[in-house]
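Biologist: I would like to learn how to read a model of this kind, feature by feature. Could you take me through it slowly, giving the general idea and then the case at hand?

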Amino acid sequence: MIKFFRHIRKRLLSENKFSKYVLYAIGEIVLVVIGILIALWVNNWNEEHKERQLGHDLLLRIQRDLVKDTVSFHADIVRNNTLRVDLKRVLVDLYDGIDGMDEVQAMSNTWDLLLDQAFSPNDNTYRSMLSSGTLGFIHNTNLKEEILDLYSAYDQTQTLLLSISDWMIGIASNMDSETNFIKFGSTVSDIFTTHDMFNEDDYAFLNKKESPEFKLFVRALSSVAFYQKVNNSYRLALIEKCRVVLKSIEKELNT
């Protein structure tokens, strides 16, 4: 093709047809410009296609994360509801009077489970999008705002729960420093190998309802119950938010 145009150019110059040569030269320039514009358009189209595909893949990953979170939050709520029944039983047994060390160890096991209320959502995809700047590949502005609002709610929930957890742990630590209840934990009790180390005196405070230690123990159980209730409440709210965003993602992926 290039040789063909060179041949025409030489023939026009040799025939001294300058005006036709000028027109030819302009035409050649126009063709080059058009070629460049087409190449740029193809390149832009390829880049936009890549962005759309990446945005699609990121939405799929966020979708998977939110499905996992929804399942996890629901499981936490069910677990907490079961533990709340156990907590009520602990309080009934406590006020009925403690008869032996096995009963206290069972209470300690329930206590350990009640303390385990970690809030750990699957937000790695979102964090990666923020750090890499790929959040912009989601072109649906409304959907992008929904995703931002949801993960902002995650952050706010985590901050609040950590604050309440610190308050609860403070009360629990105070109880541990004022009583021997910690000795009944499954991860600790085995180190006390003689009666002198571990005996009925270690739980005697649980049968003294007017003692400061008994009241502190009840306060610690109450703080855990409050923390547990708040956890359930916020998880329920986040499940609903996740469902809304999942619905929007599904609609976007199907368009």
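The dialogue below goes from the fold to burial, salt bridges, aromatic rings and the surface.

Modeller: Please keep in mind throughout that this is a predicted model.

Biologist: Let us begin with the fold, then: how many helices and strands are there in the chain?

Modeller: The chain has six helices and zero strands, and, read from the N terminus on, its elements run α-α-α-α-α-α. Of the 255 residues in the chain, 35% are buried.

Biologist: Which residues of helix α4 are buried, and how should I read their placement around the axis?

Modeller: A residue counts as buried when its relative accessible area is under 20%. In helix α4, which spans residues 124-132, the buried residues are Thr 125, Tyr 126 and Met 129. They cover an arc of only 100° around the axis, and therefore they lie on the same side of α4. On the face turned away from that buried side, α4 carries the exposed residues Asn 124 and Ser 131. After α4 comes Gly 133, whose phi is positive, near 80°.

Biologist: Turning to charged side chains, how many salt bridges does the count come to, and which residues does Arg 127 meet?

Modeller: A salt bridge is called here when a side-chain nitrogen of Lys or Arg is within 4 Å of a carboxyl oxygen of Asp or Glu, and by this rule the count comes to seven. Arg 127 forms one of them with Asp 123, where the closest N and O atoms are 3.2 Å apart, and another with Asp 155, at 2.4 Å from N to O. The pair of Asp 155 and Arg 127 links distant parts of the chain, since Asp 155 is in helix α5 and Arg 127 in helix α4, 28 residues apart.

Biologist: Are these three side chains buried or exposed, or something in between?

Modeller: Arg 127 has a relative accessible area of 30%, so this residue is partly exposed, and Asp 155, also with 30%, is partly exposed. Asp 123 is buried because its relative accessible area is 15%.

Biologist: Where is the salt bridge of Lys 183 and Asp 202 placed along the chain?

Modeller: The side chains of Lys 183 and Asp 202 meet at 3.1 Å, N to O, and both residues lie in the loop between α5 and α6, 19 residues apart. Lys 183 counts as buried because its relative accessibility is 12%, and Asp 202, with a relative accessible area of 8%, is buried as well. Salt bridges that share partners also join Asp 123, Arg 127 and Asp 155 into one network.

Biologist: Lys 183 makes me curious about rings: over the face of which residue does Lys 183 lie?

Modeller: Lys 183 lies over the face of Phe 192, at 4.8 Å from the ring centre.

Biologist: And how many aromatic pairs does the count come to?

Modeller: Rings pair when their centres lie within 6.5 Å, and by this rule the count comes to 13 aromatic pairs. In one of these, the rings of Phe 184 and Phe 198 have their centres 4.8 Å apart and their planes at 55°, so the pair is tilted. Phe 184 and Phe 198 both lie in the loop between α5 (141-178) and α6 (212-253), so the pair ties together parts that are 14 residues apart in sequence. Phe 184 is buried, as is Phe 198. One aromatic cluster is formed by Phe 181, Phe 184, Phe 192, Phe 198, Tyr 203, Phe 205 and Phe 217.

Biologist: What separation do the C-alpha atoms of Met 107 and Phe 184 have?

Modeller: They are separated by 8.7 Å, although Met 107 and Phe 184 are 77 residues apart along the chain. Met 107 is found in helix α3, residues 101-115, and counts as buried because its relative accessibility is 5%.

Biologist: To finish at the surface, which residues make the nonpolar surface patch of about 280 Å²?

Modeller: Ile 29, Val 33 and Leu 37 make that patch. Leu 37 belongs to helix α2, residues 18-96, and this residue counts as exposed because its relative accessibility is 51%, the cut-off for exposed being over 50%.

Definitions and conventions: Residues numbered from 1 in each chain as written. Predicted model: local features only at pLDDT ≥ 70, side-chain atom pairs only at ≥ 80, totals over all residues. Heavy atoms only, no water. Patch = residues over 30% accessible without salt bridge, like charges linked within 9 Å, V, L, I, M, F, W, Y side chains within 5 Å. Areas by Shrake-Rupley, 256 points an atom, 1.4 Å probe, with all protein chains shown as cover. Helix = DSSP H or I, 4+ residues; strand = E, 2+ residues; numbered from the N terminus. Buried < 20%, exposed > 50% of the residue type's maximum accessible area, 1.4 Å probe, protein only. Phe/Tyr/Trp six-rings, centres within 6.5 Å; stacked < 30°, edge-to-face > 60°. Lys NZ or Arg CZ within 6 Å of the ring centre and 35° of its normal. Arc of directions from axis to C-beta.
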